[in-house]
Every structure is written in C-alpha cells, then in structure tokens.
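I opened the model today to look up two things and to write down what I found for each. The notes follow the order in which I worked.

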Amino acid sequence: MPPFTIRFRKFVSLNTTIRLREDHMHVSLSDLLEGAPEPVLRAIAHILLAKLYKRPIDPTQNHRYKRFVTSSAVMRQTELTRSRRGSKRYLGPQGRYYNLEEVFESLNTRFFNGFMGRPQLTWSESLAKRLLGHYDPAHNTIVVSRVFDRPSSPRYAIEYLLYHEMLHLVHPVKMKGTRRCVHPAAFKADEGKFPQLKEALAFLKRL
Ligand SMILES: [Zn+2]
C-alpha cells in the first residue's frame, strides 16, 4: 500500500479528489465531510479507491455515502457554507469545564442517530449574555457564549443551547407570506423532544 496524505480543505462543495503520484496517494476532501460518521468516511475511501483502480463500487457503500450527502442537514450546511467564507478567530471547542465537541456528539447520538455532520464548534470570545448561542453559516460554526463554561452551569443548559442550534441546521427558515419564520412548527416540535426543556429555559431566564 502506498503512503497516504489526506487533507480536509475548504471547498465550497463536497468535492473529493484522489491522485496517485510517484507512489504516493493524495486525497483531498471537503471540510464539510470532516465531522462525518466513520462508516461514511469508510464508504468514501471505498468509492475513491474503486474509482482509482477502476473496480466495481459496492452498492451498499455507495448508498451509505449518497444517503449522508443528501440528508437535509448536510445539504443545508453545504448551501450555507457556499454562501460566504472568510477567516475569523474563535476560541475552539475545548473550554475550561466543557468540551463542545463531546457535548455535540452525545446529542448527535441521542437525537440524530449520529448522522449530523459536525460543524465547527466554539466558545465565544466574549462573555455575551444577550447572544447565548448562534449558528454562523459563513463559517459553518456554532458559537456558544463563554458564560456557560463554568461549573455552576448545568450540563442540560449547554446541551439545550447546542441542540437548539443543531435544529437550525435541520430546519430551514420558512416564509409565511413576507415574514421569515425562523422557528417553524416542525422546529418547535423537535425542540419539545429535549427532556429538560423546562429546566433549561428557566436557567437561561435566571441568567
Ligand atoms: Zn433559534
């Protein structure tokens, strides 16, 4: 097997390329695939190698990949990311007390069958109290206010904030006539599935 160099790059689409040059394999993938579940990454590896060596593609692998990239969450992320890209500095997911990637993955398993591609996750730089969490489509990033990264913050409050932003990736904005509906009925129904919704909202209100 030749040595591999695999890179996730900021493509504006789900572009993937594979090249064999001087006995060295070069693979480039869109960073939109970076948080993809392992079975999906394995399917991509299978498809790329089959194409390179002109071998048949296993339909199961093909189906697994297609199902992932056509899931509404991924399509929405792709579309939003395409809209604009720039550079912006963030603190990253590891806070003092909580790691947002760890919280994200546990929510992903519990509510999305592990199928949501992970966007960038970061604590905010400021101790914002008005904007507690938001999704930044330009950088495909969920930002959570650093005020929550303290031992007195219950985990369910952080989970709720992240879960809410994850639902924005699943539910596009609906137009009601000329009005934008950011939290349509389907969004609210999903939000209601969060077991400690009441406690979380009460905590945010106190804060
Ligand atoms: Zn919202």
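I began with how α1 and α2 lie relative to each other in this predicted model, and I noted that helix α1 (residues 38–52) and helix α2 (residues 59–69) pack at an angle of about 125°, with their axes 9 Å apart. Because angles of 65 to 115 degrees count as roughly perpendicular and those over 145 as roughly antiparallel, I entered α1 and α2 as oblique to each other. I also recorded that the crossing of α1 and α2 is left-handed.

I then listed the residues that make this contact: α1 contributes Pro 39, Val 40, Arg 42, Ala 43, Ile 44, His 46 and Ile 47, while α2 contributes Gln 61, Asn 62, Arg 64, Tyr 65 and Phe 68. Sorted by class, the contact of α1 with α2 holds 7 nonpolar, 3 polar and 2 charged residues.

Next I turned to the metal site, where I found the zinc ion coordinated through NE2 of His 164, His 168 and His 183, at 2.0 to 2.1 Å. I wrote the spacing of these donor residues in sequence as H-x3-H-x14-H. His 164 belongs to helix α5 (residues 155–170), whereas His 183 sits in the loop between β8 (179–181) and α6 (185–191), so this pair ties together parts that are 19 residues apart in sequence.

Last, I looked up the accessibility of two of the donors. His 164 has a relative accessibility of 13% and therefore counts as buried, the cut-off being under 20%; His 183, at 31%, counts as partly exposed.

Note on methods
Residues are numbered from 1 along each chain as its sequence is written. This is a predicted model: local features need pLDDT of at least 70, side-chain atom pairs count only at pLDDT 80 or more; totals for chains, interfaces and linings use all residues. Side-chain values use heavy atoms; hydrogens and water are left out. Axes are lines fitted to C-alpha atoms, for helices over the stretch in contact, and angles run from 0 to 180 degrees between N-to-C directions. Helices (H or I, at least four residues) and strands (E, at least two) are DSSP runs, numbered from the N terminus. Angles under 35 degrees count as roughly parallel, over 145 as roughly antiparallel, 65 to 115 as roughly perpendicular and the rest as oblique. A crossing is left-handed if the near helix is turned anticlockwise from the far one by less than a right angle, and right-handed if clockwise. Contact means heavy atoms within 4.5 Å. Ala, Val, Leu, Ile, Met, Phe, Trp, Tyr, Cys and Pro count as nonpolar, Asp, Glu, Lys and Arg as charged, and the others, Gly among them, as polar. Donors are N, O and S atoms within 2.8 Å of the metal (3.2 Å for Na, K and Ca); water is not among the atoms, so sites may look incomplete. Buried means under 20% relative accessible area, exposed over 50%, partly exposed in between (1.4 Å probe, protein chains only).
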